[in-house]
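Please take a moment to look over the sequence and the structure shown below, and keep both in view while reading. The paragraphs that follow lead from strand pairs to a sheet, and then to a group of aromatic rings.

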Amino acid sequence: MTVLVRSAVTGSVVAALLLAGCSSGGSSGGASTLDTIPAAQPATSPQQTGALPGTTTTVGSPLTATVVDRSTRTLVLAATGPDRLVLLDLDDLSRAARSVPLPAPATQVELAGDGGSVLVALPGAVARVDTTSGALTSTAVDGDVTAVLQLSDGRVAAGLGSGTTVLLGPDGTVQATVGGLAGVDDLVEAAGAVVAVDRQQTAAAVLDLGSDSLGVALRAGEGATNAVADRYGRVLVVDTTGGELIALGADPLLMRQRYPVPGSPYGIAYDPTTDLAWVTLTATNQVVGYDVRGGEPVERYRFDTVAQPNSVAVDPADGVVLVSSATGAGVQRIVPGARG
């Protein structure tokens, strides 16, 4: 079901319309009632020929994920050809990079807790990489891991391509299993809830890890792809196909805002100091900073980027934005301006 709202919307009317056609529960063996569609993909970027703001560091490989570890001042990039993590000095990207080989391409890379290590989603495993030493440890998982998240209590949630999410304890044992989705492509914790993004159903769903059950599921636009949590307990979801930035309340799961973002939005990062959501536009090779504090997003910045800017991260220490190219054009460092 699709609700056509092209501007910011707050209140219960839209939420009620969405809930009327979506799942409101299910067991670990059940399935969401939403229809599946082909998962949205980033638009193929045009060639970037103009001068770019900031500085660009060449890595020599396509980059698929960009993560900032503020605690160790490390920029972590997932690269292919060969499959590896590239670790750069966040304060001096020109310094020699360190490389951590991976057994397969990383589907997702996420900061573990407050930093010091990152979690890597891999086929059949969740890897943890120490961002200081580069040491890698791995926990086997029965399935292809497509999303990973360390929860606030220290446990790890691993989303699988099959649509199941498994909760791993400190020793790697499975403590809970929640099924019912077509796939799990992103995991976000907000307002005490764990929310999964399913690209095949372009949906967001609450996972009740305590009872191994799927909670409320909402259709999130026409082609949801990536998501982050903000400090207001919301989940900010990129609708790549529909060209929107969607804000969902997490507890309970409700539609709060839908705001038009032309240009095939894909990557997203959030700066809790400035309340800026940085969204990459792969159809135009741009990144846009939206102030998300008010009733609707407000554009504050717009910069040209490296070609195919599929991933983005922001350094919460100083607001510097890092945009990575999925075609080998490198990682771009942008300083937006004075914070305030």
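In which sense do strand E7 and strand E8 pair, and over how many bridges? In this model, which is predicted, strand E7, covering residues 117-130, and strand E8, covering residues 136-150, pair in the antiparallel sense, and six bridges join them. To find one of these places in the structure, look for alanine 125, whose bridge partner in E8 is alanine 140. The two strands E7 and E8 form a hairpin with five residues between them, and in its turn glycine 134 has a positive phi of about 80 degrees.

Strand E8 also pairs with strand E9, which spans residues 156-160; these two run antiparallel and are joined by five bridges. Here valine 145 stands opposite leucine 160 in E9. E8 and E9 form a hairpin as well, with five residues between them, and the turn contains glycine 154, which has a positive phi of about 95 degrees.

With these pairs in mind, it helps to step back to the chain as a whole. The protein chain has 26 strands and one helix. Of its 340 residues, 56% count as buried, while the surface that the chain exposes comes to about 12,800 Å², with 50% of it supplied by carbon and sulfur atoms. If one takes the contacts between residues at least 6 apart in sequence, 46% of them join residues that are at least 24 apart.

Further along the chain there is an open sheet, in which four strands follow the order E16-E17-E18-E19 with antiparallel pairing. Strand E16 (224-229) and strand E19 (253-260) stand at the edges, and because each has a single partner strand, one side of each is left without a neighbour in the sheet. On average, neighbouring strands of this sheet are turned by 25 degrees against each other, direction ignored. Within the sheet, strand E18 (residues 244-250) pairs with E19 in the antiparallel sense over seven bridges, and glycine 249 has leucine 254 in E19 as its bridge partner. When following such strands by eye, it is useful to know that in a regular strand the side chains alternate between the two faces of the sheet.

The last stop is a group of aromatic side chains. A pair of aromatic rings is described by the distance of the centres and the angle of the planes. The count of aromatic pairs comes to four. One of them joins tryptophan 278 and phenylalanine 303, whose ring centres are 6.3 Å apart and whose planes stand at 20 degrees, so the pair is stacked. Because tryptophan 278 lies in strand E21 (residues 276-281) and phenylalanine 303 in strand E23 (residues 298-304), the pair ties together parts that are 25 residues apart in sequence.

Are these two residues buried or exposed? Tryptophan 278 is buried, with a relative accessible area of 1%, and phenylalanine 303 is buried too, with a relative accessible area of 15%. Phenylalanine 303 also forms a stacked aromatic pair with tyrosine 301, at 5.9 Å centre to centre and with 15 degrees between the planes. Tyrosine 301, at 22% relative accessibility, counts as partly exposed. Taken together, Trp278, Tyr301 and Phe303 form one aromatic cluster.

Conventions: Residues are numbered from 1 along each chain as its sequence is written. This is a predicted model: local features need pLDDT of at least 70, side-chain atom pairs count only at pLDDT 80 or more; totals for chains, interfaces and linings use all residues. Side-chain values use heavy atoms; hydrogens and water are left out. Buried means under 20% relative accessible area, exposed over 50%, partly exposed in between (1.4 Å probe, protein chains only). Contact means heavy atoms within 4.5 Å. Accessible areas come from the Shrake-Rupley method with a 1.4 Å probe; for residues, only the protein chains shown count as cover. Rings of Phe, Tyr and Trp (its six-membered ring) pair if their centres lie within 6.5 Å; planes under 30 degrees apart count as stacked, over 60 as edge-to-face and the rest as tilted. Two strands pair if DSSP finds at least two bridges between them. Axes are lines fitted to C-alpha atoms, for helices over the stretch in contact, and angles run from 0 to 180 degrees between N-to-C directions.
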